[in-house]
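The following paragraphs examine side-chain contacts in a protein model. Please keep the sequence and the coordinates at hand while reading.

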Amino acid sequence: MPTIEIPHARLWYEDTGGEGVPVVFVHPAAASSACWEQQIPAFVAAGYRCVTYDLRGWGRSKPLPDAPDAGQISSDLEALTQGLGLDRFILVGAAYGGMGSLDYALRFPDRLRAFVLATSQGAIVDPEYAAVLSRIVPPELRTIPIELREVGPSYRAENPAGVERWLQIVHEAGGETAPRQPRFLTLTLSLLESMRVPTLVLAADADLLAPPALMRLLAEHIPGCELATVADAGHSAHWERPEEWNRIVLEFLGRQ
């Protein structure tokens, strides 16, 4: 499979090719690019060119020996998309990947046609936002098994094989121990108000880590933002309810 060398890293990626508008997917911390396997067929069928990649330090993407630090998702993403020769594209980021994607959308708005921020805490540093987040995600929540935190109870009940596949992706990715990449910008609620990219904020109603109330708080500060919620899904909504997740995102993109 192809890799591309960017400053201080070699990234593994997949590109479906074609003449369609590019959509770049940025995965959560508890995942790798494999987590999008239920999105790619639907988006290709809708006419899009899809690019997925493993974040630096996840899966098959590795820092180079001379890397001075972990870098930033947004800088790596710009180097990747420039290296692939992408013009303006659609950016989809989920959870931890959504934090870096939000950083990218604010740094490089002219590179984007549209932006989807899915089930993500957003990495906002405002004290009032941090206080809300601390009430939602107390330290005790971080100590329970990852599948209980990040996969909704209905999906765990209905699809144990799907949970096992999700866990396989998580463990193979090595993301639980990968160095986290800080944002380039200091993300604040007031900075969100400068967003110039058509944006969909996509929540999930059984998400323990970024519930609808938190996602609404983000959406309220993004001009012209659309807000939608995937029913009966947890933090990994794109994995748990792919048909509904894909429908919402594709309908949003069709309006752009």
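In which helix do Arg 247 and Glu 244 lie, and how many residues apart are they? Both belong to helix H11, which spans residues 242-254, and they are three residues apart, about one turn of the helix. The model under discussion is predicted. In this model the side chains of Arg 247 and Glu 244 meet in a salt bridge, with an N to O distance of 2.7 Å. Arg 247 has a relative accessible area of 37% and is therefore partly exposed; Glu 244, at 30%, is likewise classed as partly exposed.

This contact belongs to a wider set, for a search of the whole structure finds 12 salt bridges. One of them joins Arg 49 to Asp 15, whose closest N and O atoms are 2.5 Å apart. Arg 49 is located in strand S4 (residues 49-53) and Asp 15 in strand S2 (residues 9-15), so this pair ties together parts that are 34 residues apart in sequence. The two partners fall into separate accessibility classes: Arg 49 counts as buried because its relative accessibility is 16%, under the 20% limit for that class, whereas Asp 15 has a relative accessible area of 30% and is partly exposed.

A further salt bridge is formed by Glu 37 and Arg 165, with 2.9 Å between the closest N and O atoms. This pair links distant parts of the chain, 128 residues apart: Glu 37 is in the loop between S3 and H1, and Arg 165 is in helix H7 (residues 160-173). Glu 37 counts as partly exposed at 36% relative accessibility, and Arg 165 counts as partly exposed at 26%. Salt bridges can also involve several residues, as in the network that links Glu 158, Asp 232 and Arg 241.

The aromatic side chains provide a second set of contacts. How many aromatic pairs does a search of the whole structure find? The search returns seven. Among them, Phe 25 and Phe 43 form an edge-to-face pair, with 5.3 Å from centre to centre and 85° between the planes. Because Phe 25 lies in strand S3 (residues 22-26) and Phe 43 in helix H1 (residues 40-45), the pair ties together parts that are 18 residues apart in sequence. Phe 25 and Phe 43 are both buried.

The pair of Phe 89 and Tyr 104 has another geometry. Their ring centres are 5.8 Å apart and their planes meet at 45°, so the pair is tilted. Here strand S6 (residues 89-94) contributes Phe 89 and helix H3 (residues 96-107) contributes Tyr 104, so parts that are 15 residues apart in sequence are tied together. Phe 89 is buried, with a relative accessible area of 0%, and Tyr 104 counts as buried at 0% relative accessibility.

Aromatic contacts extend beyond single pairs. Phe 25 and Phe 43 belong to one aromatic cluster together with Trp 36, Tyr 48 and Trp 245.

Finally, charged and aromatic side chains meet directly. The charged end of Arg 107 sits over the ring of Phe 184, at 3.6 Å from the ring centre. Arg 180 lies over the face of Tyr 96, where the distance to the ring centre is 5.5 Å.

How values were computed. Residues are numbered from 1 along each chain as its sequence is written. This is a predicted model: local features need pLDDT of at least 70, side-chain atom pairs count only at pLDDT 80 or more; totals for chains, interfaces and linings use all residues. Side-chain values use heavy atoms; hydrogens and water are left out. Rings of Phe, Tyr and Trp (its six-membered ring) pair if their centres lie within 6.5 Å; planes under 30 degrees apart count as stacked, over 60 as edge-to-face and the rest as tilted. Helices (H or I, at least four residues) and strands (E, at least two) are DSSP runs, numbered from the N terminus. Buried means under 20% relative accessible area, exposed over 50%, partly exposed in between (1.4 Å probe, protein chains only). A charge sits over a ring if NZ of Lys or CZ of Arg is within 6 Å of the ring centre and within 35 degrees of the ring normal. A salt bridge is a side-chain nitrogen of Lys or Arg within 4 Å of a carboxyl oxygen of Asp or Glu.
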